[in-house]
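Student: Please take me through the largest pocket of this protein in some detail. I would like one connected account that also gives the cut-offs behind each term.

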Amino acid sequence: MISFASDYIAGAHPQVLKRLVETNLEPLPGYGEDPYCASAKEKIRAACGCPDAQVELITGGTQTNLTVISTMLREHEGVVAAETGHVNTHEAGAIEYTGHKVMELPDEEGKLTADTLAGFLRAFYSDENREHMVFPGMVYISHPTELGTLYTMAELVELSRVCQAYELPLFLDGARLGYGLMSRDTDVTLADIASLCDVFYIGGTKVGALCGEAVVFTKNNRPPHFVNAVKKRGALLAKGRLLGVQFDALFTGGLYFELSRHAIEMAEELKAILHKKGVEFYLESPTNQQFVILDDAKLEGLKRQVSYGFWEKWGPKQTVVRFCTSWSTTQEDLDFLRSVL
């Protein structure tokens, strides 16, 4: 059995594990006050081209989303997101659990457009009953999106302009950010994201780390007493070194980008295999997630040898499934899938 079910099926990259072992017995301060966390944050600032950024390390993606959103919103506000956005679909109502509403808008292949956002905000502020409604207080997007698609530089610029016009922070979920940055089809850099977003995060869990996400506040806008808020939400590690050592390793010698590029190269070969086998695409993304439509009868045979992700039913006898590559995908994995198909 081989797995293309997700991009977090493996543990950590050997270089990350090596650093964890090498530093294992060092007595270090807790809660992220150790020198490895400090070094990781400095390397992330340099990679972002944002020397004044405030960087915080948090345990996982859902914890990051709910902490950032709930601490930046005021009591009467909600977060605007695409209806397919991760915070609206696959986070078990975590945002709502903090007392804030996810205000979903229609998307185009997973992306929230500036026109849709501007239209929604115009309509909201022209509604004379708005004091009885949840106010939009933040805009959430992910890059790549839940469907593996990417925002272009022009699209991000327009979204940022709308957010600035309405004084709304733009928050970018980067759980798979490395795979977006290394896509062959992108024109967006890490420095661009740091320039256009008020806050974003760099995913480690899906890109070579055991766990962890690096949150980057780009406008000196980190909420006050943020560490207190992280702890209150159960996302602060006493052994914060675990996150610091990993991100320090990932951002040494370009490892984060090297691992991400490998996943993209594997995804491009995966797409070629699927095309050659005549598989119908639901959506052909430029990143590491590929969505295809397969007959249920064929899936019965496939699932005994290959693990994949269920996405949605497609008519009475077909299913949309997701194949993911990652930093840990091998040529042998692809060869086996080719032979099975």
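Tutor: Of the 341 residues of the protein, 55% count as buried, that is, under 20% relative accessible area with a 1.4 Å probe and protein chains only. The model is predicted, with pLDDT of at least 70 needed for local features and 80 or more for side-chain atom pairs, whereas totals for chains, interfaces and linings use all residues. Numbering runs from 1 along each chain as its sequence is written, and side-chain values use heavy atoms, without hydrogens or water.

The largest pocket (an open set of points on a 1 Å grid where a 1.4 Å probe fits, with protein on both sides within 12 Å along at least five of seven lines) holds about 350 Å³ of space, counted as the space filled by probe spheres set on the points. Its lining, meaning residues with an atom within 4 Å of a point, comprises 22 residues, and those closest to the pocket centre are Tyr8, His86, Ala175, Arg176 and Lys206.

Among secondary-structure elements (DSSP runs, helices of at least four residues in H or I and strands of at least two in E), α3 (61-72) and β5 (135-142) each contribute at least two residues to this lining, and α3 gives the largest share, with three residues. By class, the lining of the largest pocket divides into six nonpolar, nine polar and seven charged residues, where Asp, Glu, Lys and Arg count as charged, Ala, Val, Leu, Ile, Met, Phe, Trp, Tyr, Cys and Pro as nonpolar, and the others as polar.

For comparison, the second largest pocket has a volume of about 270 Å³ and is lined by 14 residues.

Conventions
Buried means under 20% relative accessible area, exposed over 50%, partly exposed in between (1.4 Å probe, protein chains only).
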